[in-house]
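Me: I am new to this structure and would like a close look at a single part of it. Please take one side-chain contact as the starting point and work outwards from there.

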Amino acid sequence: MKRFSYFVCAFMLLVSACNPSDKKPQNIIYSKDGMSFSLPKYWKVKKDRPIDGVANSRFISVSNEEPFAKNTYLIITRIDSVSLAKTLQNLIQQSRASYIKRKVEFGMLNEPKVEKIGNHEVLKANFETRIIANRNRGSFAVLHYKGKTYCFVSSVDIKDKKENFSVADSVIKSLSVK
């Protein structure tokens, strides 16, 4: 009878450990200077500083520090309010020039379009980069919020796309500014 009890307990423990349906991914709140947003557990802010020569600006660099994660990042910038379309076109042109200079293939996957992400109207476009056998998929997203223009540039390894591609959207949804 004791053996049966141990077997039942072990079986229940195994079943509960293998059932991730009630587990939500752990998020961490990053907060500094009146701005906050939510990041997945292994994502870390690497830099948070003003942009040199640009008044009232901010540059935030975030990367995935999970073991075996590679080439996965999110860049957030905040500047005084400017045209979203011009800002997005500028991001695309600068990125294209930067990737070409480093001999990395760069291509846009779609035309910019307005999407609703959380409470924000976001102008967004997706891109892909390739160097030899390494492919990354990324997105540019720009929005106006509380008198500022926010830009989000994200890129993830194509193999990690499923779990990491939506990180920028979740950061946009959780963005809060005081």
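Reply: In this predicted model, the side chains of Ser-155 and Asn-136 are joined by a polar contact of 3.1 Å. Ser-155 belongs to strand S10, which covers residues 148-157. Its relative accessible area is 1%, so Ser-155 counts as buried, the cut-off for that word being under 20%.

Asn-136 is also among the residues in contact with Ser-155 once neighbours within four places in sequence are set aside. The others on that list are Asn-71, Thr-72, Tyr-73, Phe-127, Arg-137 and Gly-138.

One of these contacts, Phe-127, leads on to the aromatic residues. A search of the whole structure gives seven aromatic pairs. In one of them, Tyr-99 and Phe-127 lie 6.5 Å apart from centre to centre, and with 45° between the planes the pair is tilted. This pair links distant parts of the chain: Tyr-99 sits in helix H2 (residues 84-101) and Phe-127 in strand S8 (residues 120-131), with the two positions 28 residues apart.

Both partners can be checked against the cut-off used for Ser-155. Phe-127 has a relative accessible area of 0% and is therefore buried. Tyr-99 has a value of 10%, so Tyr-99 is buried as well.

The pair also belongs to a wider group: Tyr-99 and Phe-127 form one aromatic cluster with Phe-106 and Phe-140. To retrace the path, Ser-155 has a side-chain polar contact with Asn-136, Ser-155 is in contact with Phe-127, and Phe-127 is a member of the aromatic cluster.

Terms used:
Residues are numbered from 1 along each chain as its sequence is written. This is a predicted model: local features need pLDDT of at least 70, side-chain atom pairs count only at pLDDT 80 or more; totals for chains, interfaces and linings use all residues. Side-chain values use heavy atoms; hydrogens and water are left out. Rings of Phe, Tyr and Trp (its six-membered ring) pair if their centres lie within 6.5 Å; planes under 30 degrees apart count as stacked, over 60 as edge-to-face and the rest as tilted. Helices (H or I, at least four residues) and strands (E, at least two) are DSSP runs, numbered from the N terminus. Buried means under 20% relative accessible area, exposed over 50%, partly exposed in between (1.4 Å probe, protein chains only). A polar contact is a pair of N or O atoms within 3.5 Å; within protein, one must be able to donate a hydrogen and the other to accept it, and residues adjacent in sequence count only if both atoms are side-chain atoms. Contact means heavy atoms within 4.5 Å.
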